[in-house]
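Me: I am new to this structure and would like a close look at one helix pair and what surrounds it. Please start there, then widen the view step by step.

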Amino acid sequence: MTHWNDDDFDLNGDTLHEECGVFGILGHDDASTLTALGLHALQHRGQEAAGIVSFDGRQFYQEKRMGLVGDHYTDPAVLAKLPGSIAIGHTRYSTTGEVALRNVQPLFAELEVGGIAIAHNGNFTNGLTLRRQIIATGAICQSTSDSEVVLHLIARSRHSSSTDRFIDAIRQMEGGYAMLAMTRTKLIAARDPVGIRPLVMGDLDGKPIFCSETCALDIVGAKYVRDVENGEVIICELQPDGSITIDARKPARPVPERPCLFEYVYFARPDSSVSGRSVYTARKNMGINLAKEAPVEADVVVPVPDGGTPAAIGFAQQSGIPFELGIIRNHYVGRTFIEPTQSIRAFGVRLKHSANRAEIAGKRVVLIDDSIVRGTTSIKIIQMIRDAGATEVHIRVASPMIFHSDYYGIDTPDPDKLLANQYGDIDAMCRYIGADSLQFLSIDGLYQAVGGKKRDPKAPQFTDHYFTGDYPTQLTDLHGRTMTDPKQVSLLKEAG
Ligand code: AMP
């Protein structure tokens with residue numbers, strides 16, 4: 001599901017891609033309360049709807065609600081409807097119009113092997129192809145969520161155990177995903193073969209937890225154990241004596257891990273650690289590298305909050321230019337892109353940010369943002385800063401130019417709606433957004449900020465197609481092949 005309602009890249013209008021967070025726990029008496037808390041910490045990944053499924057040794061329970069986690073799952077009456085010691089939960093974004101409760105995960109089904117609930121973050125790049133095949137053979141689909149496709153594949157598998165059926169199903173899926181499944185006795189976690197979407201394992205009083213980011217472990221006071229590895233399936237099973245067994249498998253052909261760079265640039269919470277790297281440190285390093293690559297004479301460094309703040313701190317430290325909160329964010333408004341149309345989205349920027357005149361008037365301002373997608377935010381903010389009396393406004397962006405859409409669960413519009421594609425070169429982009437100067441972090445600068453090394457062109461260490469066109473998996477639904485666009489890659493090089 002996407003925030004880009006007006007130009008979603010959907011294929012026949014019946015697929016959704018997900019920006020979401022997942023949380024699951026096994027063997028804890030407060031399973032659903034802990035799941036609600038975990039989801040609360042993951043709402044930056046999706047804040048439109050949330051669902052929890054639990055099992056109490058007798059039956060499965062499910063609650064799905066539109067709105068914030070805190071609007072519903074802090075109510076003891078709602079949590080009382082989710083008893084048991086196994087629970088998984090999901091929080092999601094969706095403004096594709098397809099906001100129906102039936103798409104809210106986890107999805108639950110009674111199968112030959114017993115009840116099973118599943119929830120995922122990410123997007124399957126062959127989900128639609130498989131859905132069409134399944135429907136052609138008579139299956140009934142009740143949602144447009146790809147998790148339902150996985151449920152059907154589990155139902156059809158001829159393996160006898162739920163674990164083997166689950167593995168059989170995910171082997172048929174391609175794309176970027178972090179998936180949780182629960183049965184009457186098991187909590188299963190799976191991460192896509194490339195490790196595009198994040199998934200971590202934690203421990204609370206000896207009980208296993210899986211969640212999208214470490215910030216969800218912190219909120220419940222759980223210990224971080226490790227990241228689920230790329231291509232790994234971890235099966236935790238509650239035994240009749242109350243003990244829990246943990247079995248880790250690698251069913252996919254092993255390939256090197258390539259975590260998604262956009263988690264570090266924008267998506268993950270700064271207090272999380274993704275694939276063992278602090279998101280905050282990575283963002284600060286992006287700012288440091290940006291100051292080295294694209295210095296500017298200015299009086300004050302101002303972040304576009306909240307995304308640009310860690311990079312602005314790095315930029316200020318490296319350049320010696322004072323850091324000030326020249327833009328104040330109104331926290332009672334969701335992310336800009338939650339607005340469904342372009343006109344309301346533009347308005348939303350003003351709802352969300354306001355200029356702090358005292359720190360801006362009469363000054364040369366260097367504004368730091370984490371990314372430019374369509375340019376909507378930049379145009380509004382630059383005008384706002386000028387109106388507040390800035391003498392110059394320079395934009396420094398803590399990631400490279402974005403030329404390509406994402407198909408793994410980061411919400412991006414069609415390529416022709418991306419500012420970099422609309423205007424082609426930096427000078428034209430700079431004129432369009434109305435800045436005095438504009439510079440982007442280079443791809444090597446970004447790689448070094450996150451992983452300490454330049455991009456290895458033969459074996460890139462991260463998923464970076466939005467900048468380079470190098471998609472790490474097949475894109476079966478889109479093309480039936482892996483997509484690279486040499487023209488766009490060379491444009492990116494020019495952009496530096
Ligand atoms: P735009 O206004 O279209 O150029 O988008 C850039 C702004 O949106 C930046 O301030 C980012 O922090 C934020 N942003 C970038 N990617 C996303 C995304 N996938 N969803 C929501 N916001 C985003």
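Reply:
**The helix pair and its surroundings**

Helices α9 and α10 are oblique to each other. Bear in mind that this is a predicted model. The angle behind that word is about 45 degrees, and the two axes lie 6 Å apart. An angle under 35 degrees would count as roughly parallel, and 65 to 115 as roughly perpendicular, so this pair falls into the oblique class. The crossing of α9 past α10 is right-handed.

Which residues make the contact? From α9 come Tyr 280, Arg 283, Lys 284, Gly 287, Ile 288, Leu 290, Ala 291 and Lys 292. From α10 come Pro 310, Ala 311, Ile 313, Gly 314, Phe 315, Gln 317, Gln 318 and Ser 319. By type, the contact holds 8 nonpolar, 5 polar and 3 charged residues.

Take one of them, Ile 288. It sits in helix α9, which spans residues 279-293. Leaving aside residues up to four places away in sequence, Ile 288 touches Gly 314, Phe 315 and Gln 318. Those three residues are among the α10 members of the contact. Pro 310 is also on that list. Its C-alpha lies 9.9 Å from that of Ile 288, with their positions 22 residues apart in sequence.

Now look at what lies on the path to α10. The loop between β16 (300-303) and α10 (309-319) holds Asp 306. The peptide bond joining Pro 305 and Asp 306 is cis, with omega at about -5 degrees.

Next, see what α10 lies on. The helix lies across β16, β19 and β20, and it runs at about 165 degrees to β16. These strands belong to an open sheet of 4 strands, in the order β16-β19-β20-β21, with parallel pairing. β16 and β21 (437-440) are its edge strands, each paired on one side only. From one strand to the next, the twist averages 20 degrees. Inside this sheet, β19 (residues 364-369) and β20 (residues 392-397) pair in the parallel sense over 6 bridges. One of the residue pairs here is Val 365 with its bridge partner Val 393 in β20.

Compare that with another sheet. This one is open too, with 6 strands in the order β5-β6-β7-β8-β12-β13, but here the pairing is antiparallel. Its edges are β5 (107-111) and β13 (244-249), each with a partner on one side only. Neighbouring strands are turned by 15 degrees against each other on average, direction ignored. Within it, β8 (residues 186-191) pairs with β12 (residues 233-238) in the antiparallel sense over 5 bridges. Ile 188 stands opposite Ile 235 in β12.

Helices meet this sheet as well. α5 (residues 146-156) lies across β5, β6 (114-124) and β7 (175-182), at about 135 degrees to β6. α6 (residues 162-171) packs on the sheet and touches β7, β8, β12 and β13. The direction of α6 makes about 20 degrees with that of β8.

A second helix pair can be set beside the one we started with. α4 (residues 127-136) packs with α5 at about 50 degrees, their axes 10 Å apart. That angle makes α4 oblique to α5. Here the crossing is left-handed, whereas α9 passes α10 in a right-handed one. Gly 127, Leu 130, Arg 131 and Ile 134 of α4 meet Asp 146, Val 149, His 152, Leu 153 and Arg 156 of α5. Sorted by type, that contact has 4 nonpolar, 2 polar and 3 charged residues.

Some local details remain. Another cis peptide bond joins Gln 105 and Pro 106, with omega at about 0 degrees. Pro 106 is in the loop between β4 (86-92) and β5. Asp 205 is not a glycine, yet its phi is positive, at about 50 degrees. It lies in the loop between β9 (200-204) and β10 (207-211).

Last come the aromatic rings. The count comes to 13 aromatic pairs. In one of them, Phe 262 and Tyr 266, the ring centres are 6.2 Å apart and the planes meet at 45 degrees, so the pair is tilted. Both residues are in helix α8 (residues 261-267), and being 4 residues apart there, they are separated by about one helical turn.

Definitions and conventions
Residues are numbered from 1 along each chain as its sequence is written. This is a predicted model: local features need pLDDT of at least 70, side-chain atom pairs count only at pLDDT 80 or more; totals for chains, interfaces and linings use all residues. Side-chain values use heavy atoms; hydrogens and water are left out. Two strands pair if DSSP finds at least two bridges between them. Helices (H or I, at least four residues) and strands (E, at least two) are DSSP runs, numbered from the N terminus. Axes are lines fitted to C-alpha atoms, for helices over the stretch in contact, and angles run from 0 to 180 degrees between N-to-C directions. Contact means heavy atoms within 4.5 Å. Angles under 35 degrees count as roughly parallel, over 145 as roughly antiparallel, 65 to 115 as roughly perpendicular and the rest as oblique. A crossing is left-handed if the near helix is turned anticlockwise from the far one by less than a right angle, and right-handed if clockwise. Ala, Val, Leu, Ile, Met, Phe, Trp, Tyr, Cys and Pro count as nonpolar, Asp, Glu, Lys and Arg as charged, and the others, Gly among them, as polar. Rings of Phe, Tyr and Trp (its six-membered ring) pair if their centres lie within 6.5 Å; planes under 30 degrees apart count as stacked, over 60 as edge-to-face and the rest as tilted.
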